[in-house]
Structures are given as structure tokens and as C-alpha cells.
Amino acid sequence: MPRRAWTSDNKDDLRIKMCIQVRDVDFVTIHHELGHNFINARTRTSHTCSKMARTMDFMKPLRHDCAGITPEYLQKIGLLDKIPPAEADIPFLLKQALGKSRVLPFGLLIDQWRWRVFSGEIKPEDYNKAWWSCAENIRAWCRPFHAAKRLRSGAKYHVAGNVPYMRYFLADIYEFQFYRSLCRESGYKGSLNRCTFFGSKEAGAKLNKMLEMGQSKPWPEAMEALTGQQRGNASAIIEYFAPLKKWLDEQNKGMKVGW
């Protein structure tokens, strides 16, 4: 479905262009597109570099598929009458994990292959062979018979268009790192996957502090303003999915793990 965020006057007139249905997928997409708008609005200053922030890959985690759409958030905005019990979290967490767990290895696969091509390590005659070798090592993909002579990597836009895929890989890590920091700033106590900082002035002030930097400061300083850290930290992903990990361990008890 075509959709786009619009900043009609680059100031206060913020809109999204989208054909919307009343369903969960569109609800998430609306948050994604509004993320574009709010980032643009918060980075609007007289500093030219700050105005460029809308193009920053570093801002991608703030537009991703909203780890913060939790039962607590849905109740606060009036879409849930009461918060379901903790065991009801498992289906949603499983859906989230299936989406996130595929992006990380796939992002690594694409750019490892691209980097090795650019360095000359992979020769043109070995493009396809190296792609499937990387796919097997990173994602446990086996090459289908019919793909033996076809350049599978070339079917991916980011390869053909020379668009780095690390932006997605890193954004999936930063998304949870940022989310945890804002939860802590709001004073939330409890399971990370149930946090909402909706309405927290403290969390909003910290987020604005980072956004207003735009590109006027190196990205580690912007990250530090929000998280207190200058490097990526993937531990928030483990914390977020901890209830699912516990459930999966129970389900798979006594079973062989691996391929």
C-alpha cells in the first residue's frame, strides 16, 4: 500500500498520505509515518545540518515498528478496556520476534556480501556462489536447485541500488535500546515488553534533546543524550523478549536444538 509522510509547509502542517483501514497493520503504519513527521518537526531549527536530520539513518529506530505499542499503551489511548494477563503476551511477542529475528541475519548477509564484492574478495564469476555460501552460514539457507545459475542477490533492490542494509540491522538494535532508555526515564518499573512512556514529560524531554541536535553533533553524542551510552547495546532486545525466551525454553525442553 503506498503511504508517505508529508510536511506540507516544513513547519506545523504535518500530514500522512495513506489509504487507511481499521486494522492492526495500518495502526502500526500510522505510527511509523507519524514518526517521520514528528522527527522532522522536532529537528526543525535554523541550523542547516539539523534540518538534514530527516535523512539520517540514525533516526530509523524512532520510525520502526513501534516496540512501544503495548497493552498498557492501547489502554491509555482507549483501545483496550483492561490489560490482558501476562500469558497473553506470548503470541504478540512471537510475532514480533519472527519479524525482528529475520532482519538481523538478513541485514548481515546482504552487507557482508556487498562489502566482500567491493573489496574484490568476491570475483564476478563467484557472485552467486558466494551469496549462497553466506546465506547458508548466516541464515542456514540452502540454495534451491533452480537458483544455481541465477544471481539471487541482484533481485534485492538494496543490492542493485547500492543502498547499505546496515541501517536496518543497526536500527533494530537501537530501537530497543532507545525504547528501554525512555521507559527508564519515564519511571516505569516492570517487564520491558509491557512498558509505555506515553504521556511522560520526562521521556519526551529526553527524546527532544536528542532530536534537536539533528546532524549538528556526531551520532555517538546524540545517542548518549538519549541513552547515556555512546555505543549500540543489544541487551535491550534480550530483555524485551525475555518472557518469550522463557516460554520457548519450556516448550522445547528435551528437544534437540539446531539444524
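Let's start with a single cysteine: Cys 134 has a relative accessibility of 3%, so it counts as buried. Cys 134 belongs to a predicted model, in which the chain has 259 residues, 36% of them buried. The points below walk through the overall build, the cysteines, a few selected residues and the salt bridges.

**The chain as a whole**

- The chain contains 11 helices and 2 strands.
- Reading from the N terminus, you meet two β elements and then the run of α elements, in the order β-β-α-α-α-α-α-α-α-α-α-α-α.
- Contacts can reach across the sequence: of those between residues at least 6 apart, 63% join residues at least 24 apart.
- About 15700 Å² of the chain is exposed, and carbon and sulfur atoms supply 56% of that area.

**Helix α1, a ruler check**

- How far should helix α1 span at 1.5 Å a residue? Helix α1 covers residues 24–42, which is 19 residues, and the expected span is 27 Å because one less than the number of residues is multiplied by 1.5 Å.
- The end C-alpha atoms of α1 are 27 Å apart, so the model agrees with the expectation.
- Several residues of α1 are buried, including Asp 26, His 32, Glu 33, Ile 39 and Ala 41.

**Cysteines and the disulfide**

- A disulfide is a covalent bond between the sulfur atoms of two cysteines.
- How many disulfides does the model have? The count comes to 1 disulfide.
- Cys 183 and Cys 195 are the partners, with their sulfur atoms 2.0 Å apart.
- This pair links distant parts of the chain: Cys 183 sits in helix α7 (residues 166–186), while Cys 195 is 12 residues away in the loop between α7 and α8 (201–211).
- The torsion about the S-S bond of Cys 183 and Cys 195 is about -110°, so this disulfide is left-handed.
- Are the two partners buried or exposed? Cys 183 is buried at 3% relative accessibility, and Cys 195 is buried at 0%.
- Cys 19 has a relative accessibility of 60%, so Cys 19 counts as exposed.

**A nonpolar patch on the surface**

- Ile 77, Leu 79 and Phe 198 make a nonpolar surface patch of about 270 Å².
- Ile 77 lies in the loop between α3 (71–76) and α4 (89–119), and Ile 77 is partly exposed at 31% relative accessible area.
- Leu 79 also has its place in the loop between α3 and α4. With a relative accessible area of 54%, Leu 79 is exposed.
- Ile 77 and Phe 198 are 121 residues apart along the chain, yet their C-alpha atoms are separated by 9.0 Å.
- Setting aside residues up to four places away in sequence, Ile 77 touches Phe 27 and Phe 198.

**Two buried residues and their contacts**

- Pro 71 is in helix α3 and is buried, with a relative accessible area of 15%.
- Beyond its neighbours within four places in sequence, Pro 71 is in contact with Leu 80, Ile 83, Pro 84 and Asp 89.
- Pro 71 and Asp 81 are 10 residues apart in sequence, and their C-alpha atoms are 9.9 Å apart in space.
- Arg 114 is found in helix α4, where Arg 114 is buried at 6% relative accessible area.
- Not counting residues up to four places away, Arg 114 touches a set of residues that includes His 158, Asn 162, Pro 164 and Tyr 165.

**Salt bridges**

- How many salt bridges does a search of the whole structure find? The search finds 11 salt bridges.
- Lys 100 and Asp 172 form one of them, at 3.7 Å from N to O. Lys 100 in helix α4 and Asp 172 in helix α7 are 72 residues apart, and both are buried.
- Glu 239 pairs with Arg 180, their closest N and O atoms being 3.1 Å apart. Glu 239 lies in helix α10 (residues 235–240) and Arg 180 in helix α7, so this salt bridge ties together parts 59 residues apart in sequence.
- Glu 239 is partly exposed at 33% relative accessible area, whereas Arg 180 is buried at 9%.
- Asp 249 and Lys 245 form a salt bridge with closest N and O atoms 2.8 Å apart. Both lie in helix α11 (residues 242–251), 4 residues apart, which is about one turn of the helix.
- Salt bridges with shared partners also join Glu 72, Asp 89 and Arg 194 into one network.

Key: Residues are numbered from 1 along each chain as its sequence is written. This is a predicted model: local features need pLDDT of at least 70, side-chain atom pairs count only at pLDDT 80 or more; totals for chains, interfaces and linings use all residues. Side-chain values use heavy atoms; hydrogens and water are left out. Buried means under 20% relative accessible area, exposed over 50%, partly exposed in between (1.4 Å probe, protein chains only). Contact means heavy atoms within 4.5 Å. A disulfide is a pair of cysteine sulfur atoms within 2.5 Å. Patches are made of residues with over 30% relative accessible area and no salt bridge: like charges are joined within 9 Å, nonpolar side chains (Val, Leu, Ile, Met, Phe, Trp, Tyr) within 5 Å. Accessible areas come from the Shrake-Rupley method with a 1.4 Å probe; for residues, only the protein chains shown count as cover. A salt bridge is a side-chain nitrogen of Lys or Arg within 4 Å of a carboxyl oxygen of Asp or Glu.
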